[in-house]
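Consider the two chains below, beginning with the sheet in one of them and ending with the contacts between helices.

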Amino acid sequence: MAKSKNRPSTEINASSMADIAFLLLIFFLVTTRMAVDKGISVVLPPWSDEPPPETELQDRNAFIVVVNSHDDLLVENEITDIKDLKNKAKRFINNKGEDPTLSDNPQIAVISFRGDRGTSYERYIGVYNELLAAYNELRDEYSNGTYGSIYNDLDSADRAVVKKLYPLRISEAEPLDYGEH
Amino acid sequence: MAKFKTKRSNTTPAISTASLPDIIFILLFFFMVSTVMREVSLKVENTLPKATELKKLAKRTLVSYIYVGSPLNKKLWGSAPKIQLNDAFAEVGDVGLFIAHERANMPESKRRFLNVSLKVDKKTKIGILTDVKQELRKANALRISYAAFPRSEVY
């Protein structure tokens, strides 16, 4: 009995622990992917069988953006480079009645975006992204001037105020069908 | 003085590997936290476009995915873009049923928060996407998200 007291404590050999951990690591590397759940959020209009009602919309309050099947961009009947699109859209939305060819105010200004069934998705998203960027920048500019921080950092009450001033009004029209095939 | 001379062996001591498992475990935990399980095996090309105005999707359990792109196996399926739902190709008309299934698998209180993430290959023509969107409208799945990669440079 006395013998066991003096026995040196045996160490557990941990060298294989690394191998086990490596196996687990490699398993996770193979079966998982990086979490990239980001995207451009859109709310579709509800489905109705009836044709949409004719809305009384003055020409100056509609900003027509068309992309054809060759990915060319037409803004208000002018061929435009995508680099200029955001600033044009911002000028249109934030006109507040100054220029008679642009919108009356941001609340009734509508951007109508129409593609073609042959437009490439990359181009479509690129243009949509610019239109969204115009709205986001206007909101940021306003909230920076009024509340001193960007739109996303505002609390929900202030955010609702800005949202009411600059409502997101982009309409994705049914695409034309000239050049899918 | 020789009394204090310590005896040294000529061979270099082995490097202790006792902390190696800990390092690997840290790596392991990093990957477990920052990644998610692959749910489907892709059968279509799926290079997402790049955009700047991205929003993060709220909860993964409330998100359904629809993949669109030209098939990877072009000899078998041709090169026209196809829709992939779960693990199989589908027709446009199947989208409504797919959404109904996804809804049925959700807790009842969460069903109205269903979010559809459209993962569309950037080379696809938007014709097929439009058809999918019409089906989603008919199925009353109105919250959608065009999945895209972030891009830092602006025009």
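How many bridges join strand 3 of chain A to strand 6 of chain A, and do these strands run parallel or antiparallel? Five bridges join the two, and the strands run parallel. Strands here are DSSP runs of E of at least two residues, helices are runs of H or I of at least four residues, and both are numbered from the N terminus. Two strands pair if DSSP finds at least two bridges between them. This is a predicted model, in which local features need pLDDT of at least 70 and side-chain atom pairs count only at pLDDT 80 or more, while totals for chains, interfaces and linings use all residues. Residues are numbered from 1 along each chain as its sequence is written, and chains are lettered from A and ligands numbered from 1 in the order in which they are written.

Strands 3 and 6 belong to an open sheet of five strands in chain A, with the order 5-4-3-6-7 and mixed pairing. Strand 5 (78-79) and strand 7 (170-176) of chain A each have a single partner strand, so one side of each lacks a neighbour in the sheet. At one edge, strand 4 (residues 73-75) and strand 5 of chain A run antiparallel and are joined by two bridges; A:Val75 has A:Glu78 as its bridge partner there. Helix 3 (residues 82-93) of chain A packs on this sheet, touching strand 3 (62-67), strand 4 and strand 6 (110-116) of chain A. Between strands 3 and 6 of chain A, A:Val66 stands opposite A:Arg114. Strand 6 of chain A is also joined to strand 7 of chain A, in parallel, by five bridges, and A:Ile111 is paired with A:Ile170.

Chain A as a whole has five helices and seven strands, in the order α-α-β-β-β-β-β-α-β-α-α-β from the N terminus. Its radius of gyration, taken over C-alpha atoms, is 28 Å, well over the 16 Å that the globule rule (2.2 Å times the number of residues to the power 0.38) gives for 181 residues, so chain A is more spread out than a compact globule. The C-alpha trace of chain A spans about 105 × 50 × 35 Å along its principal axes.

The contact between the chains takes 47 residues from chain A and 51 residues from chain B, where residues are in contact if their C-beta atoms, placed from the backbone, lie within 7 Å. One part of the pairing between chains joins strand 2 of chain A to strand 8 (residues 143-147) of chain B, antiparallel over five bridges, with A:Val42 opposite B:Ile144.

Helices also meet across the two chains. Helix 2 (residues 15-31) of chain A and helix 1 (residues 20-34) of chain B pack at about 15°, with axes 9 Å apart; axes are lines fitted to C-alpha atoms, for helices over the stretch in contact, and angles run from 0 to 180 degrees between N-to-C directions. These two helices are therefore roughly parallel, a term for angles under 35 degrees. Among the residues that make the contact are A:Phe22 and A:Phe28 of helix 2 of chain A, and B:Phe25 and B:Phe31 of helix 1 of chain B. By class, this contact has 16 nonpolar, no polar and no charged residues, with Ala, Val, Leu, Ile, Met, Phe, Trp, Tyr, Cys and Pro counted as nonpolar, Asp, Glu, Lys and Arg as charged, and the others, Gly among them, as polar.

Definitions and conventions. Parallel < 35°, antiparallel > 145°, perpendicular 65-115°, else oblique. Contact = placed C-beta atoms within 7 Å.
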